[in-house]
Amino acid sequence: MERVNEDVREISGLLADDITQRILVETTEQPMSANELSDACDVSPQTVYRRLERLQEYELVTEAVALDDDGHHHKVYTATLDQVTIKLTADGFEFDLSLRQRMAARFRQFVTEVRDR
C-alpha cells in the first residue's frame, strides 16, 4: 500500500506543476521538440528536459525522432496521458492512469493479434 501512496504523491505532484501541465497540453495534438516546448512554455530548455524526464518515468509522454527538411533529426515528444483517476477507499487511495495509444501502437497491436490467430 505504501508504494501506491508514493505513486499518488509523485504523480499528483508532477501533474500539479504548471510547466508540466503546459507541456502535456502543448503535446496533446502534435509532437513538439524540447526547444519548441521551451518557447511555448516560456522556460529554459533545461527546465523542459527535467519535466520531460519525469513525465517519461511514468510513460505520460513518448519520445520519437523527427527529420527536419534539411535532413537533420531531433527528438519530439507527445503526451500519452488521457485520464487520471484517484479514488479514496477504506484501504487508502486507488490510482489509475489512462494512457492514449497512438495510431502506430494500435496498428502494431492489430497486426500482432491478426498474426497470432
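Is V8 buried or exposed? V8 counts as buried, because its relative accessibility is 8%, and the cut-off for that label is under 20%. Bear in mind throughout that this is a predicted model.

**Overall layout**

Let's step back to the whole chain. The protein has five helices and four strands. Reading from the N terminus, the order is α-α-α-α-β-β-β-β-α. Of its 117 residues, 28% count as buried. Take the contacts with a separation of 6 or more: 43% of them join residues 24 or more positions apart.

**Three buried residues**

V8 sits in helix α1, which covers residues 2–16. Leaving out residues up to four places away in sequence, V8 touches I86, F93 and F95. One of these pairs shows how the chain comes back on itself: V8 and F93 are 85 residues apart in sequence, yet their C-alpha atoms are 7.7 Å apart in space.

Two serines are worth a look as well. S33 is found in the loop between α2 and α3, and it counts as buried because its relative accessibility is 9%. S38 belongs to helix α3 and is buried too, with a relative accessible area of 7%. The table puts the contacts of these residues side by side, again without residues up to four places away in sequence.

| Residue | Relative accessibility | Touches |
|---|---|---|
| V8 | 8% | I86, F93, F95 |
| S33 | 9% | H74, K75, V76 |
| S38 | 7% | V43, S44, P45, V48 |

**Helix α2 and its neighbour**

Which residues of α2 are buried? In this helix, residues 18–29, they are I19, T20, I23, L24 and T27. They lie on the same side of α2 because they cover an arc of only 135 degrees around the axis. As background, an α-helix has 3.6 residues a turn, so residues three or four places apart point the same way. Over on the other side of α2, D18, V25 and E29 are exposed.

The start of α2 has a polar detail: a side-chain oxygen of D17 comes to within 3.2 Å of the backbone nitrogen of I19.

How does α2 sit against α3? Helix α3 takes in residues 34–41, and the two axes come within 10 Å and cross at roughly 115 degrees. The crossing of α2 past α3 is right-handed. On the α2 side, the residues that meet α3 are R22, I23, E26 and T27, and their partners in α3 are L37, A40 and C41. I23 and T27 thus turn up twice, being among the buried residues of α2 and also among those that meet α3.

**Helix α4**

Helix α4 spans residues 45–57, which makes 13 residues. From first C-alpha to last it reaches 18 Å, close to the 18 Å expected at 1.5 Å a residue. Its buried residues are T47, V48, R51, L52 and L55. Looking down the axis of α4, these fall within an arc of 130 degrees, so they line one face of the helix. E53 and E57 are exposed on the other side of α4.

V48 links back to the table: this buried residue of α4 is one of the residues that S38 touches. Just after α4, E59 takes a positive phi of about 55 degrees.

Technical notes. Residues numbered from 1 in each chain as written. Predicted model: local features only at pLDDT ≥ 70, side-chain atom pairs only at ≥ 80, totals over all residues. Heavy atoms only, no water. Buried < 20%, exposed > 50% of the residue type's maximum accessible area, 1.4 Å probe, protein only. Arc of directions from axis to C-beta. Polar contact = N/O pair within 3.5 Å; in protein donor to acceptor, adjacent residues only side chain to side chain. Expected span 1.5 Å × (residues − 1). Axes fitted to C-alpha atoms, helices over the stretch in contact; angles between N-to-C directions. Left-handed = near helix turned anticlockwise from the far one by under 90°. Contact = heavy atoms within 4.5 Å.
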